[in-house]
Structure formats: structure tokens, C-alpha cells
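Hi everyone, thanks for coming. Let me put today's structure on the screen, and then we can walk through it together.

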Amino acid sequence: MFAACLVEGVEALTIVLAAGMTRGWRSALAGMGVALVVLAAIVAVLGPALTVLPIDTLRLVVGGLLLIFGLQWLRKAILRASGFKALHDEEAIFAEELAAARAAGREPRGIDGYGFTVSFKGVLLEGLEVAFIVVTFGSNQDNIPLAAVAGVAAVLVVVAAGLVVHAPLTRVPENTLKFAVGVMLTSFGIFWGAEGAGASWPAGDAAILALVAYTLASSLLLVDLMRRRHSRRSLEPGRGMAA
Amino acid sequence: MIGRVRAFGAFLYDFVIGDDPAIAIAVVLALALAGLLAAWWVLPPVVVGVLGWSLVRAT
């Protein structure tokens, strides 16, 4: 969960840094601040609401959502690892955001609307994923405060690193983290989804360890198969990258 | 107003469903089958199969 929040934090930081450096820190930090307040409100409302649901219904819904999220993360990470999709390059995204921010017209005084909106949207969208992961893991383990602390800690690590380097965190191996998070989300999704649907795991909670090993091994095998497929495809003329 | 509702709907779709809607559909069907059979062994092979199928379709 910590790693998932770390990845989302890196993506949000890239956008805030680009907005701050081109449109002024006041607007970028204001946008980030308002987005964090909105996120806190979402967690405060969603957290208690989820704990009211029967545990099996909660596990079925949460398991299903974690499976969908986990498989989407794994899909992207495998496509990148096998060469079918470009690696997520924070430096390129940072350059794109900088160019877009510089091209937009500047407001004469006060809070710059463009900088505020870009920063607000970036932090809110990436933060929503963090909030979702915090609420689902926390409610399943009946400990939302601990999950929230882990999520906030991950975001603080990213912010501290961003303040130190004052540039996008290009050295974070984002695709590896995304792959690892995809494996974890998928494994927990399988476990909770099956339990919520009414099935019982042979070894109880210990089955999670076997599921993580199974998902990891299967995903590595898929990376290998997709790399071979990519090698074959690159020999054929007129083939491009996947969408 | 309608534009904002549409934009929120599009955001929600992109946030939950993502790049390949077939994954979400397959997950719902697999959970239903696991519930119908009350069997833990349904999800692991189906999940890996769906992931492999989605990767092949994307390439």
C-alpha cells in the first residue's frame, strides 16, 4: 500500500513542480492545499460509510475493485517492461507540463488560475487513487487510521524528496514499483473477492502469501512471453507501439 | 450542467474501468462464478488468463 501511494505521490509532485516553477509557487501550493482538503473530506466520508456495510459485501466490492485496478496496473507495467509501451518518463511529462504552462496566458495579479487548476487537478486525481487504496485496505483490516498514516507517510516521503531535488523524481523506478503494486493489488483482490463471494481459502489468511507468489510468477512469465512477442514484432516492418 | 455531469461520468469511467473495459467485465463474471460455485480456485486461473488475453489484444 505504501508503494502504491509512493507512485501516485511522484506523479502528483511532477505536476505541482511544473505548475510552481512556471506559474508561481503561491498558485501551485494553493491548488495542492485545496485538493488535499477535498481528499481528506472524501476519506472522512467514505471511511465510516464503508465500515457500515456487511463484511462479505465489502470484501466482494473491494476485492472486485482491487482486481480491476491491479490488473490495469499490471497490464500497463507488463506492456512497458516488454517494450510495447514507452516507459513512464517523469522528465518528459515534466517538460510537457512546463511547456503547456508557459504557453498559457498569465493573469495579471493574485492567484494564477492556470497554475491553481493544474496543481489542484493533478493532486486530486492522483490523490483519489491514494484515498481509494487507503480506505479499502483500512476498512478490510478494520484499521483505517493506520492505513491513512501509511498513505500520508508515503506522500510525505515524496514531498520531502521533491523539496530536496527540486525537480521531478526521475530516478524512482516507477515501472518496477507499478509492477509490484499491481501484483499486490491483484493478489489481495483475488483473496478478498473470493471470500466476499462466499468461498473459503484452504489455509485461511496464509493463502495471501501463496497468491502473491502465484501472481508474481505468472506476471513475470507474461513479461517474458510479451518480450518474445515484441522481438518477433520488431522484426516485422510497419509495427508500432501499443495504445 | 449536463457537460459537467458528462465530464464526471467520463472521469469515473476512466478512473474505475481504465484502458480495457474487458478486464472489468471479466472480473465481474469471474466473481459471479466464484460465488455460484463457492470455490476459491476459480479466480486465480481466470485472473491470469484475462491479463494474458488483454495483453495479446493490446498488441
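**A walk through two chains**

Let's start with chain B, which has three helices and zero strands. Reading along the sequence, you meet the pattern α-α-α. Please keep in mind that this is a predicted model. Of the 59 residues in chain B, 31% count as buried.

Now chain A. Here there are eight helices and, once again, zero strands, so to speak an α-α-α-α-α-α-α-α run from the N terminus on. Buried residues make up 47% of the 243 residues in chain A. Take the contacts in chain A between residues at least 6 apart in sequence: 84% of them join residues at least 24 apart.

How confident is the predictor? Chain B averages a pLDDT of 87, and 100% of its residues score at least 70. Within chain B, confidence is lowest in α1(B), with a mean of 75, and highest in helix α3 of chain B, residues 43–58, at 94. For chain A the mean pLDDT is 78, and 81% of the residues reach 70 or more. There, helix α4 of chain A, residues 90–103, has the lowest confidence, at a mean of 70, while α8(A) has the highest, at 91. A general reminder for anyone new to this: where pLDDT is low, the predicted coordinates should not be read in detail. For the complex, the predictor gives an ipTM of 0.89 and a pTM of 0.70.

Let's go along chain B from its beginning. Helix α1 of chain B covers residues 2–16, and at 1.5 Å a residue its 15 residues should span 21 Å. The C-alpha atoms at its ends are 21 Å apart, which agrees. Is α1(B) buried or in the open? The number of buried residues among its 15 is zero, so α1(B) lies largely in the open. After α1(B) comes Gly18(B), with a positive phi near 80°.

Further on, in the loop between α2 (21–37) and α3 of chain B, we find Ala38(B). What is the phi of Ala38(B)? The value is near 50°, which is positive, in a residue other than glycine. As general background, most residues other than glycine have a negative phi. Ala38(B) is also exposed, because it has 12 other C-beta atoms within 10 Å, and 12 or fewer is the cut-off for that label.

Next, the place where the chains meet. In total, 28 residues of chain A are in contact with 26 residues of chain B. On the side of chain A that touches chain B, α3 (55–81), α7 (174–197) and α8 (207–235) each supply at least two residues. The largest share, ten residues, comes from α3(A). Sorted by type, the residues on that side of chain A are 19 nonpolar, seven polar and two charged.

What about the inside? The largest nonpolar core has 77 residues, and those with the most contacts inside it are Val16(A), Val134(A) and Val47(B). The helix that gives the most to this core is α3(A), with 14 residues. Let's zoom in on Val134(A): leaving aside neighbours within four places in sequence, it is in contact with Val43(A), Ala147(A), Ala148(A) and Gly151(A).

Back to helix α3 of chain A, where you will find Ile78(A). Why does Ile78(A) count as buried? It has 28 other C-beta atoms within 10 Å, and 20 or more is enough for that label. Not counting residues up to four places away in sequence, Ile78(A) touches Ser219(A), Leu222(A), Val223(A), Met226(A) and, over in the other chain, Leu55(B). Ile78(A) and Asn175(A) are 97 residues apart in sequence, yet their C-alpha atoms are 8.8 Å apart in space.

Some of those partners bring us to α8(A), whose buried residues include Ser219(A), Leu222(A) and Met226(A). This helix has 29 residues and reaches 42 Å from its first C-alpha to its last, close to the 42 Å expected at 1.5 Å a residue.

One last stop: Ile42(A), in helix α2 of chain A, residues 25–52. With 16 C-beta neighbours inside 10 Å, Ile42(A) counts as partly exposed. Ile42(A) and Val135(A) are 93 residues apart in sequence and 9.7 Å apart in space, C-alpha to C-alpha.

Thanks for listening, everyone!

Definitions and conventions. Residues numbered from 1 in each chain as written. Chains lettered and ligands numbered in written order. Predicted model: local features only at pLDDT ≥ 70, side-chain atom pairs only at ≥ 80, totals over all residues. Helix = DSSP H or I, 4+ residues; strand = E, 2+ residues; numbered from the N terminus. Expected span 1.5 Å × (residues − 1). Contact = placed C-beta atoms within 7 Å. Nonpolar A, V, L, I, M, F, W, Y, C, P; charged D, E, K, R; others polar. pLDDT = per-residue confidence, 0-100. Core = buried A, V, L, I, M, F, W, Y, C linked by C-beta atoms within 7 Å.
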